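Reader: I am new to reading structures, and I would like a close look at a single part. Could you take me through it slowly and explain each term as it comes up?

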Amino acid sequence: NFLGLKNRVDVQKGKSTNPYVEWKCLLTDFLYRKAVGNQIYRTIWLVFDRDAHPNFKKLREEMGKVDGVHLAVTNPCFEYWFLLHYEQFEDELSCERRSLLSTECSEKRQGQIVTVNKVERYEITSDPMECLELLKSYWPRYQKGKCDYLDWLGGCTKRAYDRARAKGSPFDGHGSTIPNLIDALCEMAGITPENCLKRLFESM
């Protein structure tokens with residue numbers, strides 16, 4: 001709305017709670033429509049959080065394979081993107097939650113003795129609830145999906161944008177690629193991200 005793109009951007013809620021399943025559905029539909037000449041959208045963005053979704057790493061392998069289909073990912077959850085707006089937030093989130101990635105078993109036989117080796121690979125992540133509680137300490141009235149982001153944080157989006165840009169990939173730890181989506185929307189609106197964020201700051 002701020003960029004005047006309300007009639008050019010279609011925002012939809014995903015049909016699946018699993019981002020990988022949603023990603024595959026988007027790709028299939030997008031490529032099919034493109035092939036038969038019935039393309040509805042020029043580009044598609046899938047916006048989701050790390051949370052505890054399975055197949056999270058598989059999405060990294062899929063990225064960039066199809067022109068026009070993009071990911072905007074925040075790890076560990078979308079509230080992390082909001083936390084980046086706060087000057088006092090220093091990314092002091094603990095990484096204690098373990099998510100099982102894979103299990104491999106092997107056997108070695110020596111006579112009548114069998115040795116079984118079991119190797120489990122875990123991803124160490126932050127608990128999204130910790131993000132949520134920390135955000136509420138800065139923004140007491142925050143409710144998921146029910147707060148006006150611009151009224152509360154719009155003037156600080158430049159800070160969040162720069163911080164997220166300076167972070168590594170959200171597939172490797174805390175981070176967000178929301179700035180990539182902001183860049184794409186600004187390009188559609190014919191404005192640079194710098195001018196957009198400056199206007200946003202001045203409008204607060």
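Author: Asn75 is found in strand 2 (residues 69-75), where strands (E, at least two residues) and helices (H or I, at least four) are DSSP runs numbered from the N terminus. This is a predicted model, in which local features need pLDDT of at least 70 and side-chain atom pairs count only at pLDDT 80 or more, while totals for chains, interfaces and linings use all residues. Residues are numbered from 1 along each chain as its sequence is written, and side-chain values use heavy atoms, with hydrogens and water left out.

With a relative accessible area of 3%, Asn75 counts as buried, a word that means under 20% relative accessible area, whereas exposed means over 50% and partly exposed lies in between (1.4 Å probe, protein chains only). Leaving aside residues up to four places away in sequence, Asn75 touches Arg50, Tyr80, Pro170, Gly173, His174 and Gly175, a contact being heavy atoms within 4.5 Å. For Gly173 there is a further detail, since its backbone oxygen lies 3.0 Å from a polar atom of the Asn75 side chain.

Ser106, in strand 3 (residues 97-110), offers a second case to set beside it. Ser106 is partly exposed, with a relative accessible area of 39%, and, again not counting residues up to four places away in sequence, Ser106 touches Thr115, Val116 and Asn117. From C-alpha to C-alpha, Ser106 and Lys118 are 6.6 Å apart in space, and they are 12 residues apart in sequence.

How values were computed:
A polar contact is a pair of N or O atoms within 3.5 Å; within protein, one must be able to donate a hydrogen and the other to accept it, and residues adjacent in sequence count only if both atoms are side-chain atoms.
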